[in-house]
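The exercises below are meant to be worked through with the sequence and the 3D structure at hand. Please try each task before reading its solution.

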Amino acid sequence: MPASVPSPSTVIDDSAPPPVSVSGPAHLLRITALMAGSCLPVLGAVLIAPVLPKMQDHFASAPGAKALVPLALTVPALALALLAPFAGLIVDRLGRKRLLLVATTLYALFGTAPLWLNSLGAIIISRALVGVTEAAIMTCCTTLIGDYYSGHRRVKYLALQTMCASASATAFFVLGGAAGAAGWRVPFWVYAVSLLLTPVLALALPSPAVREATERDTDGVQPAHRPFPWRQMAAICALTFFGAMVFYTVPVEMSYLLDGLGVENTGVIGLASAVASAATVAGAITFARLKRSPDPMLPTVLAICAAGFGVMFLAGSVPLLVVGAVINCLGTGMLLPALLTSAMSRLDYKDRGRGTGLWLSAYFGGCFVCPLVLLALESAVGTLADAVGLLGLATAAVALGLLVARRRAWNPAHPASA
């Protein structure tokens, strides 16, 4: 094995001194603020889902309302997927903290706009602008985690970011439903919470000038900047696009799969979805505790996801379907931080914003097309369960391909005479 190639079982190196403090009140405030900021795009994605029927009734006479009202929920994610790469470029040029503070302030302005807008078209535009700010917020928060922490600490907090996003999705859905009982406009007030977060971010995050100084070596010399790793990032982004479809399948399709088994009780559907969501959190915790490099883990993690899809495909009862979903979500809980950590490890400080933006674009793009891909597969093979089974086969094939590629990299072919 060449000396320049690490062993597949290499434990993530945590010996390098951290660029910022990793204990004490300042650290706790910093990481809490970054996690809270990372939850804002989740807030935008799920908060108004419970009030869509009321919005539909309110705008029933508006042209195209049947298509436009659901778009109010999905257009921020589409805007995030399209604009995250550009947000990444701005992050690297303008600075992480400055853009984050501007974006969180505008998030409140655009997010609460439907409170006083009476045109459905104007509301859709405001929702698209929410997506623009979400692209900046998510890119900045993720980039700053990569800036502030390295080694196992970076893995730990990227996994924590996944856990917070998964847990907050459930909380925001419940909050949106409760607030929506008072009227379809009421949940939009929640977007104003970012005005409370902005001063916390300003206080908690080190200034860009201080942060850049920590990137210098022990002699005070700025390290030579390597070219942007386009080939490596293209590979990890392509894998992330596929991984996002794997990740998003259970949250989006679980209710339909249960309906296919004759389950109509919303309480049962909600409980099953909550159990699967808990498995995602458990997977993220497991990944953080393993303290190993992400790349060697990807084939195994994808194999776990594929196994879960296989059980879901074969399930003829609700308990077995839930077991399959739990297995799959345990894998996806490890998959997302593994992919993100792998991408971060390939980026220098000066390119981290651009690289993070590309990664986020691939992830949210995969989430956006996931329902469309499964719909196409369902049309081709007959049932949604069959479509999930086919996706499981594709996931297993990708896992096998990654395993073969890694083994070839670790064990180069020897001459026949050897």
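**Exercise 1.** Which residue lies over the face of Y148, and at what distance from the ring centre?

*Solution.* Bear in mind from the start that this is a predicted model. Begin at the ring of Y148 and look over its face, where R30 lies at 5.6 Å from the ring centre.

**Exercise 2.** Find how many aromatic pairs the structure holds, and describe the pair formed by Y148 and Y149.

*Solution.* The count comes to nine aromatic pairs in the structure. For Y148 and Y149, the centres are 6.3 Å apart and the planes stand at 85°. Because an angle over 60 degrees counts as edge-to-face, the pair of Y148 and Y149 is given that name. As a last step, consider the surroundings of the two rings: Y148 is buried, and Y149 is buried as well.

Now treat a second pair in the same manner. Y363 and F364 are also edge-to-face, with 5.0 Å from centre to centre and 75° between the planes, and both Y363 and F364 are buried.

**Exercise 3.** Which residues form one aromatic cluster?

*Solution.* Following the chain by residue number, mark F59 and Y107, then W184, F188 and Y191; together these residues form one aromatic cluster.

**Exercise 4.** Locate S361, decide whether S361 is buried or exposed, and name what S361 touches.

*Solution.* First, the position: S361 belongs to helix α13, which covers residues 352-381. Next, the accessibility: S361 counts as buried because its relative accessibility is 18%, and the cut-off for buried is under 20%. Then, the contacts: once the neighbours within four places in sequence are left aside, S361 is in contact with A81, A84 and P85. Finally, look at A81 in detail, where the backbone oxygen lies 2.5 Å from a polar atom of the side chain of S361.

**Exercise 5.** Describe the protein chain as a whole, starting with its secondary structure.

*Solution.* The secondary structure consists of 14 helices and zero strands, so that reading the elements from the N terminus on gives α at each step. Turning to burial, 48% of the 418 residues count as buried. The surface that the protein chain exposes is about 18600 Å², and carbon and sulfur atoms supply 69% of that area. To complete the description, take the contacts with a separation of 6 or more: residues 24 or more positions apart account for 85% of them.

Notes: Residues numbered from 1 in each chain as written. Predicted model: local features only at pLDDT ≥ 70, side-chain atom pairs only at ≥ 80, totals over all residues. Heavy atoms only, no water. Phe/Tyr/Trp six-rings, centres within 6.5 Å; stacked < 30°, edge-to-face > 60°. Buried < 20%, exposed > 50% of the residue type's maximum accessible area, 1.4 Å probe, protein only. Lys NZ or Arg CZ within 6 Å of the ring centre and 35° of its normal. Helix = DSSP H or I, 4+ residues; strand = E, 2+ residues; numbered from the N terminus. Contact = heavy atoms within 4.5 Å. Areas by Shrake-Rupley, 256 points an atom, 1.4 Å probe, with all protein chains shown as cover. Polar contact = N/O pair within 3.5 Å; in protein donor to acceptor, adjacent residues only side chain to side chain.
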